[in-house]
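I opened this notebook to keep a record of what I looked up in one molecular structure. The entries follow the order of my reading.

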Amino acid sequence: MPTINTTAQTRNPRSLGVNASSTLRWWQKAIIYQVYPRSFQDSTGDGIGDLQGIIQRLDYLKGIHVDTLWLSPINPSPMHDFGYDVADYTGIEPIFGTVDDFTQLLDGAHARDMKVLLDLVPNHTSDEHAWFAQSRANRTNPKRNWYIWSEPAADGGPPNNWLSYFGGPAWTLDTTTGQYYLHQFDTHQPELNYRNPAVLEAMLGEMRVWLERGIDGFRVDVIWLMIKDAALRDEPPNPDWSGGPPIFSLYHIHTADQPEVHTLIRAMRALLDEYTSEGRERILVGEIYLPNARLMKYYGSDPLVRGVGDECHLPFNFQLIGAPWDAQSVRTMVDAYEAALPVWGWPNWVLGNHDKRRIATRLGKDQARVATMLLLTLRGTPTWYYGDEIGMTDVRIPPELVRDPQAVNQPEVADEVGRDPQRTPMHWDDSPNAGFCPPDVTPWLPVAADYAQNSVLSQESDPRSPLWFFRLLTDLRQKSPALLGSSYRSMESGASDVFAFLREADSQRLLIVLNFGTQPHHLDLSAIAPAGSILLDTGVARQGDLHFLNSLPLDPNEGLIISLI
Ligand code: NOJ
């Protein structure tokens, strides 16, 4: 029989210098929930979600115990990249509402003891932003140097070999002035030049407006790409590339993770700290796709021994999204991340977002539950993507309805890179259009065919549903010192497809046991405790049962949270 032992690595909260669970900061205890505003709730009947729609659903969000909302961009935008092309950083896109609507949303969230993070997109603007209109007007305009312009190569082509994530070269020729401008995304998303200090000053000014309006922080888009090689040198080819999206045919050594980016991030963080008072921290969450050693630099340093760094509070950790889904790989990945964290770094975990396949599609519905339990029991702040709590899956979009520029511009890899499937409307009920928009309106993306069975309405009273399970799990997490706290200890489970770890705080000892496989097991856990009671099961049958731990049955695809005696 597989035996669990306790010899594995330990992170001791005191040795970390991290606070006990009772004094954790709000963002360390938070569950971040990403709302993709276009797809959450339409209140105006135009088939696109909006701020009043989110306001209508605040009680739902409170009821599932998520306490921090991150809204994908809501600024005015021509919507070439659905808001990630910002035309005015301080306004609100009329499709979504007004500044008054936003204030109402923020007040409504705060009244429910919830926080609101806004998406900030500082790397690039829309080509309709006033700054770019001036910059492209002529070569001597004072804002010319706010963007990255370059002479054509000798043959008249792009200045170097850099590529766009959305296909083709990362450069577009501006025929009026005869120079190319840089864009690593859509051609309508010119990149700002942060080697010009005026640009950072201007962006900090835009951030200040939102901090004055009372938001609780920013999720910063592609923060690790914000500054590029000054000499615009070619990037080397990636010898491992064997087809797929061309962006991966190069090593991004000159367009990403440049050392100077940390100066920018420290300036943003200093601004947030200026608006921070006791118990009212404003946080910086950075979108960063990097391996551990380089990711950790984005926590910054902690010269003042404040217990937090001077860059991102939470540099997003996306490793659960990309990890091979087996117990040993995931355990190795979690342990390596834990070991790599600086002492002042608070961990965080992300399971899904608007750029990646949904978890129920990636893992299937059974392992999606295991993944949910893992996300919400690991040490650190979890981030959740709207609709995953009801098991939404990716929706196949007919070619004529594809909207995402990443797919439209790259038809040869559209199925691989297209992000519309994971952005479809939320399923609220069983009425036509799932309660997202009126029945006679065409939603901006199609609603999934299975919406009636997988809706909030159908699941909120069904104890076997994903929503019911999610609500129990989030409730347990928010009340549990051990799950919120600072200790994590991974275990040898004895079974190669079982990942087990201990979470301990304030005299609470919880063992999490997750079966990633399709074989049942009987585990011998008696080395750590004689018995324990099951607090939560990914299934439904066994909650509350007391088990002697010398022979604990574990079903295929089952996860348990066990309170040790
Ligand atoms: C990352 C965002 O998550 C993605 O949706 C967007 O297309 C790019 N950045 C460009 O802003």
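The entries below go from a small sheet to the ligand, the cores and some single residues.

**Entry 1: the model**

I note at the outset that this is a predicted model.

**Entry 2: a sheet of strands**

I looked up how the strands β5, β7 and β6 are arranged. I found an open sheet of 3 strands in the order β5-β7-β6, with antiparallel pairing. The strands β5 (149-150) and β6 (171-174) are at the edges; each has a single partner strand, so one side of each lacks a neighbour in the sheet. I then followed the pairing of β5 with β7 (residues 179-182), which is antiparallel and runs over 2 bridges. Within this pairing, I recorded Y180 in β7 as the bridge partner of S150.

**Entry 3: the loop between β5 and β6**

I located N160 in the loop that lies between β5 and β6. Is N160 buried or exposed? Its relative accessibility is 9%, and buried means under 20%, so I entered N160 as buried. I also found a polar contact of 2.7 Å between the side chains of N160 and W171.

**Entry 4: the ligand**

I asked which residues come nearest to the ligand. There are 13 residues around the ligand, and D81, H124, D221, H354 and D355 come nearest. I then looked up distances to oxygen atoms of the ligand. For H354, an N or O atom in the side chain is 2.9 Å from an oxygen atom of the ligand. For R419, the corresponding distance from a side-chain N or O atom to a ligand oxygen atom is 3.0 Å. For R219, a polar side-chain atom lies 3.1 Å from an oxygen atom of the ligand. On its own the ligand has 290 Å² of accessible area, and the protein covers 98% of this.

**Entry 5: the nonpolar cores**

I recalled that nonpolar side chains tend to be buried together in soluble globular proteins. I therefore looked up the largest nonpolar core, which has 148 residues. Y33, L71 and F102 touch the most other members of this core. Helix α12 (residues 359-377) gives the largest share of the core, with 10 residues. Another core of 18 residues lies apart from it, and its members include V498, L525, I528 and A529.

**Entry 6: cysteines**

How many disulfides does a search of the whole structure find? The search finds 0 disulfides. I also looked up two cysteines: C312 is buried at 1% relative accessibility, and C437 is buried with a relative accessible area of 5%.

**Entry 7: positive phi angles**

I recalled that most residues other than glycine have a negative phi. I noted F82, which is not a glycine and yet has a positive phi of about 50°. F82 is placed in the loop between β3 (68-71) and α5 (99-111), and it is buried, with a relative accessible area of 4%. I noted A434 as well, a residue other than glycine whose phi is positive, near 60°. A434 lies in the loop between α14 (414-417) and α15 (456-459), and it counts as buried at 0% relative accessibility.

**Entry 8: N348**

I placed N348 in strand β11 (residues 348-350). N348 is buried, with a relative accessible area of 1%. I finally looked up its separation from L314: the two residues are 34 residues apart along the chain, and 6.6 Å separates their C-alpha atoms.

Note on methods
Residues numbered from 1 in each chain as written. Predicted model: local features only at pLDDT ≥ 70, side-chain atom pairs only at ≥ 80, totals over all residues. Heavy atoms only, no water. Pairing = 2+ DSSP bridges. Helix = DSSP H or I, 4+ residues; strand = E, 2+ residues; numbered from the N terminus. Disulfide = S-S within 2.5 Å. Buried < 20%, exposed > 50% of the residue type's maximum accessible area, 1.4 Å probe, protein only. Core = buried A, V, L, I, M, F, W, Y, C linked by side-chain atoms within 4.5 Å. Near = heavy atom within 4 Å. Polar contact = N/O pair within 3.5 Å; in protein donor to acceptor, adjacent residues only side chain to side chain. Areas by Shrake-Rupley, 256 points an atom, 1.4 Å probe, with all protein chains shown as cover.
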